[in-house]
Structure formats: C-alpha cells, structure tokens
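I opened this notebook to keep track of two topics, charged pairs and nonpolar cores. The entries below record what I looked up, in the order in which I looked.

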Amino acid sequence: MTSVQSPPRGAGELLREWRQRRRRSQLDLSIDAQVSARHLSFVETGRSKPSRELLLHLAEHLDVPLRERNTLLLAAGYSPLYPERSMDDAAMAPVREALDLVLAGHEPFPALVVDRHWNLVSANGAAFAFLTDVAPELLEPPTNALRLSLHPDGLAQRILNLAEYSAHVLHRLQQQAVLSQDAELEVLYDELRGYPGVEETSPAVFEPAAMVFSPLRVRGPDGQELAFFSTLATFGSAVDITMAELLIESFFPADPTTSAALGRL
C-alpha cells in the first residue's frame, strides 16, 4: 500500500502557525512589525511571496527560534542563514571557554549546561558530586538532565519534595514543548510524567505571596538536607543554532545551612 505524503507547507502557512502559537493577531503583528496588515494577510495565504528580509523581520518579532527561521527561509525558496556547528568546531572555542568560566566561577554551587532537549553538555564538579549513587545507564551519553533528575534510579531517590519539584519541571517542559512544537520534548514529557512519585500539578498548599521561590530540597552526599533555587541563562547574541539553544542552569543555596554545607563539600 502506497502512503500518501502531505504536500510541503509554504512559508506563509508556517508564519501563520508561529503567529497563532504566539497568540498574536494579524493586526497586532502588522502594527508591531510596521507591515501592512493586507500584505501580511497575502503572505500568510500564499498570494504574495515574502522577501527574505521580510521573513526574517517577522520571525524576529515572533521570537521564532533560529532553527525554525531556517525552515521558514527554505519554505520560501531561500537558502538557510543560520549555521549549526558542533561544539567541537574550532569556531566554537570561545563558547566552550565561556561555558568553562561560568561553570568554574559558580563553584562551590552546582551548575550545568544542556542543549534544547535537556541533554547534558557540561557540568561543574559541584553538580557531579550529586551523581555518585545514580544508575550508571542514566549517565551514558546522551545524558538527559531531566531524566537524570526524575528517574527513580536517578536523583529522584534523594529529592525530598519530589512531587512539588517534578510538577515545576514538567510545567516548564510543557511550556517549552508548546512554544517550540518540538516532538522530542513532547515524548520526553510523556516519559517523565510516568515515573513513580512524579506529579503534573503540585500538591503543595502554600500562599504564593508569602514565598520568594519554591525550593528544590535534596539529600546531599553526606545525608544532610539541602535547599536550592535555580536560574536559567542563554547566550543573548547567538547567531549559531547550537549556541542559541544552549541553556545554563545555575543552582543557588536557598538558606545559610545549604551555603555552608556546599562550602565544606
């Protein structure tokens, strides 16, 4: 039986999908991007072929990821603009050096670098100190940081507020999957939510106005309870796909006890 393939989508259709994904009306986008609403409508319906510059201009206003901007350009018949280099590429040496500086500078607190699918790119010694008793197969490349965190044979066995923390992780991952429409992230989400003890919504009852953050509580290498909050950072001026998709998660002590304990470790 011969399968019927769907015709390739045009740039206008892809552009409309990104606009709807960002919850923007044609009028809203046309005003923001200073483009005629009529012309934008013609582009989306395929009645007008957009220039390369217009596509990139609209993609910028819609915050389309660099990888998908290349897809837009190809759909319109233009060559891709953004390269995707390996981390081992000589041109990426300044990026590797910057990551090493960030990770080392964050010691004695944990920090790690992941790609767009949360696969581990690098981590500092403080982060690796928490991986001494996880299942070896979870550390085999590509090591997925979220799987490593929530798997019952991973860090989950040491996370003291697993239900609350997993709900936070899944919410963040779901948002990322919806915004990027990345099927691999959706598969990862379905996998993680099936792990024992993992919750999709937080069962904790608290007053948000009285809290600064919801901490991660984990049993440290010496058995002491530690509390963390984390920040996420990206490269702000990246024009390479690999570099643009890197994410640095830095963990900070949520109380003086944790700060002192990490200093000793």
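What follows are my entries on salt bridges and then on the nonpolar cores.

**Ground rules.** I note that this is a predicted model, in which local features need pLDDT of at least 70 and side-chain atom pairs count only at pLDDT 80 or more, while totals for chains, interfaces and linings use all residues. Residues are numbered from 1 along each chain as its sequence is written, and side-chain values use heavy atoms, with hydrogens and water left out.

**Salt bridges.** I looked up how many salt bridges the structure holds (a side-chain nitrogen of Lys or Arg within 4 Å of a carboxyl oxygen of Asp or Glu), and the count is 17.

I then turned to Asp240, which pairs with Arg85 in a salt bridge whose closest N and O atoms are 3.1 Å apart. This pair links distant parts of the chain, 155 residues apart, since Asp240 sits in the loop between β4 (225-233) and α11 (241-244) and Arg85 in the loop between α5 (66-75) and α6 (93-105). For these names I kept to DSSP runs, numbered from the N terminus, with helices (H or I) of at least four residues and strands (E) of at least two.

Are the two partners buried or exposed? I used buried for under 20% relative accessible area, exposed for over 50%, and partly exposed for in between, with a 1.4 Å probe and protein chains only. Asp240 is buried at 3%, whereas Arg85 is partly exposed at 33%.

In a second pair, the side chains of Asp32 and Arg24 meet in a salt bridge at 3.0 Å, N to O; Asp32 is partly exposed at 40%, and Arg24 is buried at 18%.

A third salt bridge joins Glu200 and Arg193, with 3.5 Å between the closest N and O atoms. Arg67, Glu84, Arg116, Asp182 and Glu245 are joined into one network by salt bridges that share partners.

**Nonpolar cores.** I next looked up the cores (sets of buried Ala, Val, Leu, Ile, Met, Phe, Trp, Tyr and Cys residues joined through side-chain atoms within 4.5 Å). The largest has 38 residues, of which Leu150, Leu173 and Leu192 touch the most other members. Among the elements that give two or more residues to this core are α8 (145-150), α10 (183-192) and β5 (247-253), while α9 gives the most, with 6 residues.

For Leu173 I listed the contacts (heavy atoms within 4.5 Å): leaving out residues up to four places away in sequence, Leu173 touches Trp118, Leu146, Leu185, Leu188, Tyr189 and Leu192. Apart from the largest core lies another, of 22 residues, including Leu29, Ala33, Leu56 and Ala59.
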